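Here are some short exercises to work through with the model open beside you. Try each task yourself before reading its solution.

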Amino acid sequence: MLDKHYNPGEFEKKWYEYWEKNGFMNADINPDKKPFTIVIPPPNVTAQLHIGQALDFTLQDIVIRFKRMQGYEALWLPGEDHAGIATQYVVEKKIVSEGKSKEKLGREEFIKVVWEWVKEYRQRIREQLKAIGSSCDWRRERFTLDEGLSKAVTKVFVELYKKGLVYRGDYIVNWCPRCGTVLSNDEVEYEDVKGNLYYIRYPIKDSNEYVVIATTRPETMLADTGVAFHPSDERYKRYEGKSAILPLVGRELPIFSDKYVDPSFGTGALKVTPGHDPNDFLLGQRHGLKTINLLDPNGRINENGGEFKGLTIKEAREKVIEALKSRGYLLDVKEYVHSVGHCYRCHTEIEPIVSKQWFVKMKPLAEKAMKVVREGKIKFYPSRWEKVYFNWLENIRDWCISRQLWWGHRIPAWYCKDCGHITVSEDKVQRCEKCGSTNIYQDEDVLDTWFSSALWPFSTLGWPEKTPELEYFYPTSLLVTGFDILFFWVARMIMQGLEFMDEIPFGDVYLHQLVLDRYGRKMSKSLGNGIDPLDVINKYGTDALRFTFASLAAQGRDIIMDEKRIVDNKFFANKIWNSARFTLMNTKDMDRTFVPEEDELELADKWILSRLQRTISTVTLNLDRYEFSNAAKALYQFIWSEFCDWYIECSKIRLYGKDKGKKRVAQYVLFNSLEIILRLLHPFMPFITEEIWQNFDMPIESVMIAKWPSADPSFINEGIEEKMQRVINVIKTIRNIKSELNIPLKVKVDAVLNLKNDTIASLLNSKVEMISALAGVVLKDSSEEDSRAKASGIVDNEIEVSVLLEEGTNLEYERNRLNKKLTKLRSDIGHFEKQLENERFIRSAPEDVVDDARKKLKNYEIQYEKVKYMLESMQK
C-alpha cells in the first residue's frame, strides 16, 4: 500500500538497487533486437557533478529508458575522464595544502597520489549518477586512462604519425604559467580587461626621426624583431627598408609593410614580436624575422630580457614602463579595454610563446567530418549548430596535442641522444630505430585530454580489437552534450571515428544550452547562485529535478533554472502519488479480466481514453525528435489538468455510487489509464513510477521493462472531446462565479443554464449529475421565473450560466468589490502591455520571462472580461 505522504527519500535508492540487481539496465548482443547506443560524456574525476551535468545525464537517461521500453537493446555506456590538466591542478592544490609539492614527490609518486584521488572520485561519480537515476550498464564502465583505452590512444597516435598527420614542430602556442603547460586554442577563454595603451618612441637608425608605436604589452618589446605598417599608410612609407632601434635593448629592427597591419589601431605602426603573439609569428614567418623567446618555463623573463631577467611578467611590465619613462621613450599612456586570453582551468592570463610541440594536421580530417554532416549522415539538434560546426572546421588550425604535465597518456615518442632521431612506437622502445643506440629517453609530455576523449565512442567498445560489442553497438545512436564542447569534443570524435572506423561515431547529436539562474546569469561560485543537484535531490526528490530538466529543455533556448520550478514539480509528483493512492484504494476489488463494451463507456470515459491516445502520440513523437520540453509539457497537461482534475473527479460519482456495473467500468478506465500513464512517465520520473507500479502488483516485474505504449487511433474521437470540453467549460464558469463571490465550492447553490442550441441543451441535460456534483450546484429549470438576483458568465459564446444569489445578499457591496477588481485588472493589463511594448525588454530579457509576461497579460484580459460580464449581469 502506498504511504499517505509522498516521501521519495524512502524508496529511490531501493529501486535503483533493484534495477541493478536484476540486470534491467544491462545491454547484451542480441541479433533479434536493434541496438540503440549512447556513450556517456565522461565526467572529469575532479569534483562532484554540477547542475549542467545533471541535466546532461537526465536527458540521456530519458532517451535510453524510452528506447529500452520500445524494444531496442539499449546500451548506455558509463565512464569517466582522467582530465589531465584539471585533475593535476586540483591534486597539486591538495598536496600543497598538506605542505608537499609534486616536485618533491617526483613523477612516479605524484601519479600514485593522483590514482588515489581518481579511485575516490570515480566512486563518487558513480554514486551521483545512480542518485540521479542514470540507468547505465555498469559492467561496461570505462576510464580514459584504463589499460584498454591507453592502448587505443597509443595506437591512434602512432598511426596518425605514420600517415604524416601527427608531427613535431616549432609553433606559437598558448602557455599557462600557472599550470605550466600548453593549451589548445579552444582551451583559452577570452575576457575583456581594462588596461592601457603605451605610446613608445622607436628611433630611426642614423637619423633624428622616430616612429611612435602603441602597445598594450610594453614588456614584450624586449623580444621585438621588426616594425610594420600597412602598404597604403603614407605616414610610414618613407621608412620602408630602413631600421628602427629597439629602446632599452639597442637591437636593429627592419621596417616593412604588410596588409595585416591595421592603420586605424594606435598610431598605425606595429611592433612585431614573433615569439609572443600568434599574428606576429605569422608576420615573422612571411618576412624572415628572427623569433626570440622571452620567457622561461616558469613564466619569468629569461636571459633574452637582459636587465629584466628573473622578473615575472607583471613585474617586468612595471620595470619596463619605469625605464621607458626615465629614458624618454614613453610619450603617452591611454586607458584601453582589450580582450585577453585566460586559462580555462585556473583563469591565469595566457602567454603566447614559440615552443616545440606535437600537433595534429586537422585540414585532411576536417574535410571528411564536414562531408558526413552535409550528406545528412550526422544530424544536429537543433540544426542551427551545423552552420557553427562548418564555420569552425573551414577555418581550423592544427591542434597542439602535447601538454607539459605528468598526469595523462605519455607521448609514445623516444629521442636518441646520439643521433637525434625520434622513434614513435606502440611498444616501449629499447633502442633507436635508426642508429641502434640505447642512449634514448621518452618524451616527458602527455597528450591533451581531448585526444583520448576523441576516441571514446569506439575505444570504449574494445577497439583496436575487433570485438563483437564494437561490431554490434557501433556506430552509436545519439550523443547528448553541451554546445560549449562542440569543437573540443564532438567534432574531434567525428574526425577520429571516420579515420579509424571508417564510419560515423553517432547518428544524432543533441546540443543543449547552458543552465542559467532565474535572472539569466551563468551559475558560478563568485555569484553564489549555483545549485547543487544532490542538495536538490535530498530536498525534493530526484523525479522532481528530472522533470524540471525535461520541461525546461527546449531546443536552442537557455535553461533558466529557478528552485521554484523544482518545487512546482514536487507538487506534480505529489499529485501523481495521490492519484495513484486514489486509484489503488478504489480498484482493489476490480476484476482485471473485465473489458467493457463500447456502449458501457460514458462521455468522461471516452474523453479520457481519446485524450490518452493523443498524449501517447505527442509524447512519442517529441521524444523521437528530442523535444524533451514538449513531451514533458504534454504529460504534465494530461496528468494534472485532465486525468487528475477531471477524470478522477468524474469517476467518483460511479465509484461511490450504488450501480456496480457503472462502478466496474469506471474502475477499468481509471486503472488502465493510470497504468499507461506510469509507462509514459517512467523515462522522466523513474522512481515514483516504479514505486507505484510495484504497489499495483502488475504482471510485468518492473515498469522499466514494460512495453512503451502505442497509440490506438480508434479511441481518438474529436467529437467526444468537444462535447466533454463544453461540459468542463460550464463547470469551470460556475466555479469561477462562486469563487468571485467567495462561495466555497462545496456549498450548493442554485444555478440556471440558458441554452440557445438544442444539441447543446441535449448534451448538458444528459450531464446534469456531473455538473451538479463537480460544480456544487442545483440546476433549476430556466423556463421558471425566479426573482432572485443573479451573477452570470458566458461559455463558448453560446451558453449563459447564472448563479442565483441568496436572499439578503448585499448586492451593492458585491458590485463595489467587483468594480475594484476590474480597476486592479485594468492596472495589471496596462503594466504588461507597457512592458511588452518595450523593445529593450523584448530584446534583452530571457525568452521564458517574455513568454511569461505574454501569458500573464492574456490571463488578465480573460479575467477582466469575465468579471465585467458578471458585474453587468448583477446590475440588471
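**Exercise 1. Two cis peptide bonds**

Find where Pro 382 is placed, and describe the peptide bond from Tyr 381 to Pro 382.

*Solution.* Start with the place: Pro 382 is in the loop between strand E15 (379–381) and helix H10 (385–394). Helices (H or I, at least four residues) and strands (E, at least two) are DSSP runs, numbered from the N terminus. Next, look at the bond: from Tyr 381 to Pro 382 the peptide bond is cis, with omega near -5°. Now move on to Pro 464, in the loop between helix H12 (456–459) and helix H13 (468–473). The peptide bond from Trp 463 to Pro 464 is also cis, and its omega is near 15°.

A word on the model: it is predicted, so local features need pLDDT of at least 70 and side-chain atom pairs count only at pLDDT 80 or more, while totals for chains, interfaces and linings use all residues. Residues are numbered from 1 along each chain as its sequence is written, and side-chain values use heavy atoms, with hydrogens and water left out.

**Exercise 2. Positive phi in two loops**

Is Leu 248 buried or exposed? Is Asp 502 buried or exposed?

*Solution.* First, the cut-offs: buried means under 20% relative accessible area, exposed over 50%, and partly exposed in between (1.4 Å probe, protein chains only).

- Leu 248 lies in the loop between strand E10 (243–245) and strand E11 (252–257). Its phi is near 75°, a positive value in a residue other than glycine. With a relative accessible area of 17%, Leu 248 is buried.
- Asp 502 belongs to the loop between helix H14 (486–501) and strand E23 (506–512). Its phi, near 55°, is positive in a residue other than glycine. Asp 502 is exposed, because its relative accessible area is 69%.

**Exercise 3. Checking a helix**

What should the 14 residues of helix H3 span?

*Solution.* The expected span is 1.5 Å times one less than the number of residues. For helix H3 (residues 84–97) this gives 20 Å, and the end C-alpha atoms are 20 Å apart, so the two agree. Then look at its buried residues, among them Gly 84, Ile 85 and Tyr 89. The buried residues of H3 pack against helix H4 (102–105), helix H5 (107–131), strand E6 (181–183) and helix H11 (449–453), where contact means heavy atoms within 4.5 Å. Finally, step just past H3: Gly 99 takes a positive phi of about 80°.
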